[in-house]
Amino acid sequence: VSFFDDIDIQYLDRTKGNGKMACSLLTAMDGMSERGHVVRIFTTNEDVESLDKAFTRPGRIDAFIKLEKPTPQMVRKLVTEKWPEEIRNHIDIDTLVKRCKDFSFAEVEAIRTLLVTEKIVNEGMWDLDKAFSEFAERKNEKGTLGFSN
């Protein structure tokens with residue numbers, strides 16, 4: 001089993017800036033297949049419709065499984081069951097859930113990370129507005145910090 005976590009789809013395109021990397025990966029994938037049974041798993045938060053067709057031919061990437069973004073109920077469950085009590089006690093969870101509409105789980109967790117970072121840096125404030133503002137700012141920096149859709 002080969003696992004490629006959070007791969008950037010642009011690396012899987014021979015026609016873009018990283019064409020050499022894509023060609024090298026294709027060659028490596030073919031070499032692994034010759035050795036026997038191989039399972040490759042690629043994960044991404046990006047749209048795969050524009051994926052280079054060389055990767056989707058039989059024997060390379062044979063199946064796509066799309067996980068839909070979480071419902072508000074799923075976001076609420078994540079926050080109430082997995083986030084630290086200290087955060088939950090100092091933010092409005094209803095507001096958080098509403099503002100996380102159309103977020104992936106990774107993006108919701110990015111908000112948590114930004115909340116913690118802001119608390120540490122600014123000495124004690126759990127500032128939901130600041131976390132969302134920072135998230136939006138970073139997301140607009142194309143390809144930066146893994147906050148892309």
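F103 is buried in the predicted model, its relative accessible area being 11%. This residue sits in the loop that joins helix 5 to helix 6. Its C-alpha atom lies 6.4 Å from that of K69, although F103 and K69 are 34 residues apart along the chain. The loop between helix 5 and helix 6 also holds D102. In contrast to the buried F103, D102 is exposed, with a relative accessibility of 52%. The backbone of D102 is notable for its phi angle, which is near 70 degrees and thus positive in a residue that is not glycine.

The overall architecture is considered next. The protein comprises seven helices and two strands. Read from the N terminus, the order of these elements is β-α-β-α-α-α-α-α-α. The chain has 149 residues, of which 30% count as buried.

The packing of helices was examined for two pairs, both of which include helix 6. Two packed helices are described by the angle between their axes and by the distance between those axes. Helix 6, spanning residues 105-121, packs against helix 7, spanning residues 128-139, at an angle of about 120 degrees. The axes of helix 6 and helix 7 are 9 Å apart. Angles of 65 to 115 degrees count as roughly perpendicular and those over 145 as roughly antiparallel; the pair formed by helix 6 and helix 7 is therefore oblique. The crossing of helix 6 past helix 7 is right-handed.

Helix 6 also packs with helix 3, here at an angle of about 40 degrees and with an axis separation of 11 Å. Helix 3 is consequently oblique to helix 6, since only angles under 35 degrees count as roughly parallel. In this pair, too, the crossing is right-handed.

A further contact involves the loop that follows helix 3. W83 is located in the loop between helix 3 and helix 4, the latter covering residues 85-88. With a relative accessibility of 2%, W83 counts as buried. The C-alpha atom of W83 is separated by 7.9 Å from that of R112, a residue 29 positions away along the chain.

R112 also takes part in a salt bridge, in which its side chain meets that of E109 at an N to O distance of 2.7 Å. Both residues belong to helix 6, and because they are three residues apart, about one helical turn separates them. R112 is partly exposed, with a relative accessible area of 24%, and E109 likewise counts as partly exposed, at 22% relative accessibility.

In total, the structure contains seven salt bridges. Side chains of opposite charge can pair when their charged atoms come close. Besides the pair within helix 6, two salt bridges link distant parts of the chain. One of these is formed by R76 and D94, whose closest N and O atoms are 2.8 Å apart. R76 belongs to helix 3 (residues 72-82) and D94 to helix 5 (residues 93-99), with their positions 18 residues apart in the chain. Both partners are partly exposed: the relative accessible area of R76 is 33%, while the relative accessibility of D94 is 40%.

The other is formed by D129 and R99, with an N to O distance of 2.6 Å. This pair connects helix 7, which contains D129, with helix 5, which contains R99, across 30 residues of the chain. The two partners fall into separate classes of accessibility. D129 counts as exposed at 53%, whereas R99 counts as partly exposed at 32%.

The surface of the protein also carries a nonpolar patch, formed by V1, F3, V39 and I41. Together, these four residues present about 410 Å² of accessible area. V1 lies in the segment that precedes strand 1, which covers residues 2-4. With a relative accessible area of 81%, V1 is exposed, because the class of exposed residues begins over 50%.

Methods:
Residues are numbered from 1 along each chain as its sequence is written. This is a predicted model: local features need pLDDT of at least 70, side-chain atom pairs count only at pLDDT 80 or more; totals for chains, interfaces and linings use all residues. Side-chain values use heavy atoms; hydrogens and water are left out. Patches are made of residues with over 30% relative accessible area and no salt bridge: like charges are joined within 9 Å, nonpolar side chains (Val, Leu, Ile, Met, Phe, Trp, Tyr) within 5 Å. Accessible areas come from the Shrake-Rupley method with a 1.4 Å probe; for residues, only the protein chains shown count as cover. Helices (H or I, at least four residues) and strands (E, at least two) are DSSP runs, numbered from the N terminus. Buried means under 20% relative accessible area, exposed over 50%, partly exposed in between (1.4 Å probe, protein chains only). Axes are lines fitted to C-alpha atoms, for helices over the stretch in contact, and angles run from 0 to 180 degrees between N-to-C directions. A crossing is left-handed if the near helix is turned anticlockwise from the far one by less than a right angle, and right-handed if clockwise.
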